[in-house]
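Colleague: Before I accept the terms used for this model, I would like to see each one set against its definition. Please show me the structure, and we can start from there.

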Amino acid sequence: MVEYQKILDKIYSDLKKTKDHGEVAAYIPELKNVDPDKFGMYLNRLHGDNFYVGDWNESFSIQSISKVFTLGKAMSLIGNDVWKRVDVEPSGNPFNYLALLEQEEGIPRNPLINSGAIVMADILVSELDDPKKDFLQFVRNIANDESIIYNEKVAISEAKTGFTNYAIANLLKSFDNLHNDVETVMDFYFHQCSLEMTCEQLSNSFYLFANRGKCQRNCEYLTLNQIKRINAILLTCGFYDEAGEFAFEVGLPGKSGVGGGIVALLPNEFTLTCWSPGLNPKGNSYLGMKALEAFTTATNLSIF
Ligand code: DON
């Protein structure tokens with residue numbers, strides 16, 4: 001019998017004692033205001049009790065974790081046509097790297113780097129009647145929680161300083177891989193990134209990806225085959241140029257965001273979220289990486 005609460009408590013107390021907690025993201029001005037000492041974890045087990053520790057019930061900016069939701073929604077709407085506009089290879093580059101997109105003639109390496117996520121945003125802007133409202137409802141459905149909201153201040157703050165993202169969108173447009181106007185797509189993208197969720201809500205929303213496409217509300221959005229593909233992309237691309245390191249240290253499919261959140265999952269077993277706002281130089285939560293490594297090492301639970 002694995003003693004989950006003991007393991008989470010030990011990870012919490014060990015990491016709280018460490019001096020280096022990384023650097024809070026500053027390139028989105030509104031994110032600078034977050035307390036760097038926050039730390040929470042929430043484990044949602046598919047076939048058993050849930051466990052949590054620290055600031056698990058506080059909302060934070062999910063940022064790039066939202067790219068998994070837009071990918072899932074785009075796949076549910078247009079199926080394999082998604083792959084005509086984005087590839088599925090790890091990029092080995094930072095999330096906002098621009099040069100590769102030009103070299104590869106406007107086809108992003110994968111849907112989890114910014115260029116790929118902006119193409120997913122474009123698909124949703126084309127396919128949804130009321131894109132921001134309908135996408136928010138999708139996230140609320142899969143999280144089984146109607147209280148989830150966009151943070152307008154964060155969205156506006158990023159729009160004001162998002163020069164690289166605008167450059168990516170313009171480059172996509174010049175290669176004919178953006179069908180709507182740049183401003184509309186970026187407004188959607190900055191809003192999806194501004195979604196605020198707690199560790200519990202994130203773990204609940206990723207239940208779908210661990211539970212063969214069925215969410216806790218028992219809604220079915222994705223086929224088993226689509227879930228297999230999303231989890232493969234999480235493993236190979238979820239941490240940008242640190243995807244190899246995450247697979248090596250943690251051994252689970254997962255996704256990070258510059259708000260300091262990381263969600264990982266073991267298919268058919270659990271989803272696990274960690275939030276600690278300080279980032280490492282690759283833009284992934286500094287303590288979050290360590291916490292997840294400690295969890296899979298202590299429990300011996302990983303996909304390998
Ligand atoms: O587009 C951006 O730069 C941010 N809204 C999201 C980046 C992000 O979260 C990268 N993840 N680690």
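Modeller: We can start in strand E9, where Cys-274 stands opposite Met-41. This is a predicted model, in which local features need pLDDT of at least 70 and side-chain atom pairs count only at pLDDT 80 or more, while totals for chains, interfaces and linings use all residues. Numbering starts from 1 along each chain, following the sequence as written.

Colleague: What makes E9 a strand, and what makes E2 and E9 a pair?

Modeller: Strands (E, at least two residues) and helices (H or I, at least four) are DSSP runs, numbered from the N terminus. E9 covers residues 270–275, so the run satisfies the minimum of two. Pairing requires that DSSP finds at least two bridges between the strands. Six bridges join E2 to E9, so the two strands pair, and they run antiparallel. Leu-43 has Leu-272 as its bridge partner in E9.

Colleague: How do you know that E9 is mostly covered?

Modeller: A residue counts as buried if 20 or more other C-beta atoms lie within 10 Å of its own, as exposed if 12 or fewer do, and as partly exposed in between, with C-beta atoms placed from the backbone. Six of the six residues of E9 are buried. Phe-270, Leu-272 and Cys-274 point one way, Thr-271, Thr-273 and Trp-275 point the other way, and all are buried.

Colleague: Why is strand E2 called largely enclosed?

Modeller: E2 spans residues 40–45, and five of its six residues are buried, so the rest of the structure largely encloses it.

Colleague: What joins E2 to strand E3, and how are the two connected?

Modeller: Four bridges join E2 to E3 (residues 51–54), and the strands run antiparallel. Gly-54 in E3 is the bridge partner of Gly-40. The two strands form a hairpin with five residues between them. Helix H1 (residues 4–17) lies across E2 and E3, at about 20° to E3.

Colleague: What about the other hairpin, that of E8 and E9?

Modeller: E8 (residues 261–266) pairs with E9 over six bridges in the antiparallel sense, and Gly-261 stands opposite Trp-275. Three residues lie between the strands, and Asn-268 in the turn has a positive phi of about 70°.

Colleague: Why are E3 and E7 said to stand at the edges?

Modeller: The open sheet has five strands in the order E3-E2-E9-E8-E7, with antiparallel pairing. E3 and E7 (254–256) each have a single partner strand, so one side of each is left without a neighbour in the sheet. From one strand to the next the twist averages 5°.

Colleague: What is the strand order in the open sheet of three strands, and what makes E5 and E6 a pair?

Modeller: The order is E4-E6-E5, with antiparallel pairing. E4 (60–61) and E5 (149–150) are the edge strands, each pairing on one side only. E5 and E6 (residues 195–197) share two bridges, so they meet the criterion for pairing. Ile-149 stands opposite Glu-196 in E6.

Colleague: How is the packing of helices H4 and H7 described?

Modeller: Packed helices are described by the angle and the distance between their axes. The axes of H4 (residues 114–127) and H7 (residues 163–174) come within 10 Å and cross at roughly 65°; axes are lines fitted to C-alpha atoms, for helices over the stretch in contact, and angles between N-to-C directions run from 0 to 180 degrees. The crossing is right-handed, a term for a near helix turned clockwise from the far one by less than a right angle, left-handed being anticlockwise.

Colleague: Which residues of H4 and H7 meet?

Modeller: Asn-114, Ser-115, Ile-118 and Val-119 in H4 meet Asn-165, Ile-168, Ala-169 and Leu-172 in H7, contact being C-beta atoms, placed from the backbone, within 7 Å.

Colleague: What makes Pro-131 buried?

Modeller: Pro-131 has 21 other C-beta atoms within 10 Å, and the threshold is 20 or more, so this residue is buried. Pro-131 is in helix H5 (residues 131–143). Beyond its neighbours within four places in sequence, Pro-131 contacts Leu-124, Val-125 and Phe-188.

Conventions
Contact = placed C-beta atoms within 7 Å.
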